[in-house]
Amino acid sequence: MTITVKLFGPQAQMAGQRELVLDFPASQINCGELRAAMARCHSRLAPTLASSRFAINQSFATDADAIHPGDEVALIGLISGG
Amino acid sequence: MHEKVAITHGPLMPAVPLRSNGAGAVICFEGIVRGMEAGRPLEALDYEVYEPMTLRELIALSQDIVRRHKLLGIVVEHSEGRVRVGEISFRLQVAAKHRAEGLAAVNEFIDRLKQEVPLWKVPVFAEDMRVKATSCQTYARHSATAQEES
């Protein structure tokens, strides 16, 4: 299963790109597994992941929430509005 | 009940004051881009949004704040895109019967905005703009020289 994660703001700057593409052997994973994989694969983002949230199809998700093929996934971290 | 939530491209224009029947307190907070960030001179802030989620979360936050503090009105305006030093990037106006709930609403809204709403600001530092301008000028001189020689 291939997942594309949208990045914004400082996290996009850290990664040097607006999207990360990750491949998983399983046909379904959850946000917690995605978080762990991103921490292993992207050392610059890793320190920011514990305090970040994921959104699936533009709604906040928990680590237990499953990601299905075709879902829009975004990393929502280091937010700084106002 | 007057409620408005808007995301605007670029800096915010001067406020249209919120007025509400029965309000004893109308409070306006404006967020202004400061000249320094992490000790470095700032040129601007670039605000990023994740639409339509950002607007939806702003509306949900506004509605919750109105309910929790029994507000009589609320206006929320936030910039996306570039906002330069001295310009306004955020404005919150609340109307309440009394000062206490108005001030409490403003404080809670801003605290939760910074934790819950998908909005990001990326600093544009003054020295980075000068380096970029210098690089463009150098390229222009080299291009002109190459054209003369050919």
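What follows is a walk through parts of chain B, its interface with chain A, and one loop residue of chain A. Keep in mind that this is a predicted model.

Let's start with helix α1 of chain B, which covers residues 53-69. A quick sanity check on its geometry works out well: at 1.5 Å a residue, its 17 residues should span 24 Å, and the C-alpha atoms at its two ends are indeed 24 Å apart, so the two values agree. Plenty of side chains here are tucked away, and the buried residues of α1(B) are M53(B), T54(B), E57(B), L58(B), L61(B), S62(B), D64(B), I65(B), V66(B) and H69(B). Right after the helix comes K70(B), and its phi is positive, near 55°.

Now over to the strands. Strand β7 of chain B, residues 119-125, is mostly covered, with 5 of its 7 residues buried. Its partner is strand β4 of chain B, residues 40-49, and the two run antiparallel, joined over 7 bridges. If you want a spot to anchor your view, look at Y47(B), which sits opposite K121(B) of β7(B).

These elements come back when we turn to the interface. How many residues of chain B are in contact with chain A? There are 22 of them, and they meet 20 residues of chain A. The size of an interface is often given as the accessible area lost when the parts come together. Here about 1700 Å² is buried between chain B and chain A, and carbon and sulfur atoms give 56% of that. Of the area that chain B buries against chain A, 38% comes from Y50(B), M53(B) and W120(B), more than any other three residues supply. M53(B) has already turned up among the buried residues of α1(B).

What about polar links? Between chain B and chain A, 11 residue pairs are in polar contact, both residues being at pLDDT 80 or more. On the chain B side, the elements that give two or more residues to the surface touching chain A are β4, α1, β6 (88-96), α2 (99-116) and β7. The rule finds 1 salt bridge across this interface. It joins R18(A) to E48(B), with the closest N and O atoms 2.7 Å apart.

Finally, hop over to chain A and find N57(A), in the loop between β4 (53-56) and β5 (59-61). Is N57(A) buried or exposed? Neither, quite: its relative accessible area is 43%, so N57(A) counts as partly exposed. Leaving out residues up to four places away in sequence, N57(A) touches D71(A) and E72(A). T2(A) is 55 residues from N57(A) in sequence, and their C-alpha atoms are 16 Å apart in space.

Key:
Residues numbered from 1 in each chain as written. Chains lettered and ligands numbered in written order. Predicted model: local features only at pLDDT ≥ 70, side-chain atom pairs only at ≥ 80, totals over all residues. Heavy atoms only, no water. Helix = DSSP H or I, 4+ residues; strand = E, 2+ residues; numbered from the N terminus. Expected span 1.5 Å × (residues − 1). Buried < 20%, exposed > 50% of the residue type's maximum accessible area, 1.4 Å probe, protein only. Pairing = 2+ DSSP bridges. Contact = heavy atoms within 4.5 Å. Buried area = accessible area lost by both parts, 1.4 Å probe. Salt bridge = Lys/Arg side-chain N within 4 Å of Asp/Glu carboxyl O. Polar contact = N/O pair within 3.5 Å; in protein donor to acceptor, adjacent residues only side chain to side chain.
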